[in-house]
Amino acid sequence: MKKNILWTVFTLCLSVLTFYALFYNSGLSISELRQNIKEVSPVWLIPAALCMLGFIFFEGKSLVLILRTLGYPVKKRRGFLYASADIYFSSITPSATGGQPASAYFMHKDGISAVAVTVSLILNLTMYTIALITLAIVSIIFFPGIFLKFNTPCEIMILIGIFAMIILTIFFIILLKKQSIVLKMGNIFISMLQKLHAKSLAEKFQTKLDTMIEHYNECVITLAGKKRLLVKTYLLNILQRSAQILVTVFCYYAMHGNLSDGLKIFAIQTYVVLGSNFIPVPGAVGISEFIMYFGYIMLVNEESACSLAILSRGISFYTCSIISIFAVIFGYIMIRLNKNKGYLV
């Protein structure tokens, strides 16, 4: 708990420094930002807010779909909680390291086995990565010129992001298909216990490992035979990533941007996500905003680019994180109140 609080405080401090640097770099004053926000069209902010909620909703729906296929009658609202936990803790930890464990915590509290939790999270993360690769390919094919207009540091980060996603996708697929890798990892841990003369503990872990591998294999076989499930989870992750990116498009329209430039903004924001997704900074704070800024100045002036980055990030990241933490707190309270009931609440 203390560690999470420290990461939250660190993220907030980093955010303040980022906004200060944006103001300084663009020459935008706080009064000018207020004026720009006042002139924003509220009509376009409504779909922007809905897309922000869609970012949480589609991940939750994907997880619920996978878990139901594995035999767990998870209620839809629990999916929103699992996704909220993933999104919030990903936003305050480096490289999103806290997201999946937090989501797994709530799944475990709902009575879902550790094996089913592991398989569902790996599958969803695989589809999440493939979905982003798909959007990257589309952006590169139709808008290669936008990539070339980024400055060199941004281009390097984007290329690193694409390379990292391809490697991760290969790793996740191998992990799903090759149970022997999980077995080897477990055996290494057992060997360490034996060397520490903890033989009884090693024997207990060996028994659990054998059972886990058996169930893990059953889960993978179950999912592998469900091609429609794989297609649906892929499409849901496409919708999730698109929803997050569309927040920026609608914010651009809200700031009276040209309707014809919507696809260009979508492509720019896709490159932003690619370049910031694997940077070991909580929520990619600082990195994301500056790639956004350097991308937006391709279409608007520096002051407008700064305003758009702040407005877009304010909805897609900060507001989304606030909603997610409230969902997590509410979910945690409900689990405490229903801890003795033994069913999915």
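## Helices and the loop at His256

Helices here are DSSP runs of H or I with at least four residues, numbered from the N terminus. In this predicted model, His256 sits in the loop between helix 11 and helix 12. The residue is exposed, because its relative accessible area of 54% is over the 50% cut-off. Its phi is near 65°, a positive value in a residue other than glycine.

Which residues does His256 contact, leaving aside its neighbours within four places in sequence? They are Glu39 and Ser41. Val40 also belongs in this picture. The C-alpha atoms of His256 and Val40 are 7.4 Å apart in space, while the two residues are 216 apart in sequence.

## Overall make-up and confidence

The protein has 14 helices and 0 strands. Read from the N terminus, the order of elements is α-α-α-α-α-α-α-α-α-α-α-α-α-α. Of the 345 residues, 48% are buried. Among contacts with a separation of 6 or more, 77% join residues 24 or more positions apart.

Mean pLDDT for the protein is 80. A value of 70 or more is reached by 73% of the residues. Among the elements, helix 3 has the highest mean, 94. Helix 10, residues 199–224, has the lowest, 58. Where pLDDT is low, the predicted coordinates should not be read in detail.

## Aromatic pairs

The structure contains 10 aromatic pairs. Trp44 and Phe250 form one of them, with ring centres 5.9 Å apart and planes at 20°. That angle is under 30 degrees, so the pair counts as stacked. Trp44 lies in helix 3 (residues 42–69) and Phe250 in helix 11 (residues 227–254). The pair therefore links distant parts of the chain, 206 residues apart. Phe250 is buried, with a relative accessible area of 17%. Trp44 has a relative accessibility of 30%, so it counts as partly exposed. Ring pairs also join Trp44 and Phe250 with Tyr252 and Tyr253 in a cluster.

Another pair is formed by Phe147 and Tyr271. Their centres are 5.8 Å apart and the planes meet at 40°, a tilted arrangement. Phe147 belongs to helix 7 (residues 144–149), whereas Tyr271 belongs to helix 12 (residues 262–276). The pair thus ties together parts that are 124 residues apart in sequence. Both residues, Phe147 and Tyr271, are buried.

A ring also takes part in a charge contact. The charged end of Arg313 sits over the ring of Phe317, 4.1 Å from the ring centre.

## Helix 12

How many residues of helix 12 are buried? The count is 13 of 15, and the helix is mostly covered. Its end C-alpha atoms are 21 Å apart. At 1.5 Å a residue, its 15 residues should span 21 Å, so the two values agree.

## Helix 5 and its cover

Helix 5 spans residues 99–109. Its buried residues are Gly99, Ala102, Ser103, Ala104, Phe106 and Met107. What covers them? The cover includes helix 3, helix 4 (76–91), helix 6 and helix 14 (302–337). Just after helix 5, Gly111 takes a positive phi of about 90°.

## Helix 6 and its link to helix 11

Helix 6 runs from residue 114 to residue 142 and has 29 residues. Its first and last C-alpha atoms are 42 Å apart, close to the 42 Å expected at 1.5 Å a residue. Ser113 acts at the start of the helix: one of its side-chain oxygens comes to within 3.2 Å of the backbone nitrogen of Ala116.

Ile238 is in helix 11. Is Ile238 buried or exposed? Ile238 is buried, because its relative accessible area is 17% and the cut-off is under 20%. Leaving aside neighbours within four places in sequence, Ile238 is in contact with Ala131 and Thr134. Ile238 and Thr134 are 104 residues apart along the chain, and their C-alpha atoms are separated by 8.2 Å.

Terms used. Residues are numbered from 1 along each chain as its sequence is written. Side-chain values use heavy atoms; hydrogens and water are left out. Helices (H or I, at least four residues) and strands (E, at least two) are DSSP runs, numbered from the N terminus. The expected span of a helix is 1.5 Å times one less than its number of residues. A polar contact is a pair of N or O atoms within 3.5 Å; within protein, one must be able to donate a hydrogen and the other to accept it, and residues adjacent in sequence count only if both atoms are side-chain atoms. Rings of Phe, Tyr and Trp (its six-membered ring) pair if their centres lie within 6.5 Å; planes under 30 degrees apart count as stacked, over 60 as edge-to-face and the rest as tilted. Buried means under 20% relative accessible area, exposed over 50%, partly exposed in between (1.4 Å probe, protein chains only). A charge sits over a ring if NZ of Lys or CZ of Arg is within 6 Å of the ring centre and within 35 degrees of the ring normal. pLDDT is the predictor's confidence in each residue, from 0 to 100. Contact means heavy atoms within 4.5 Å.
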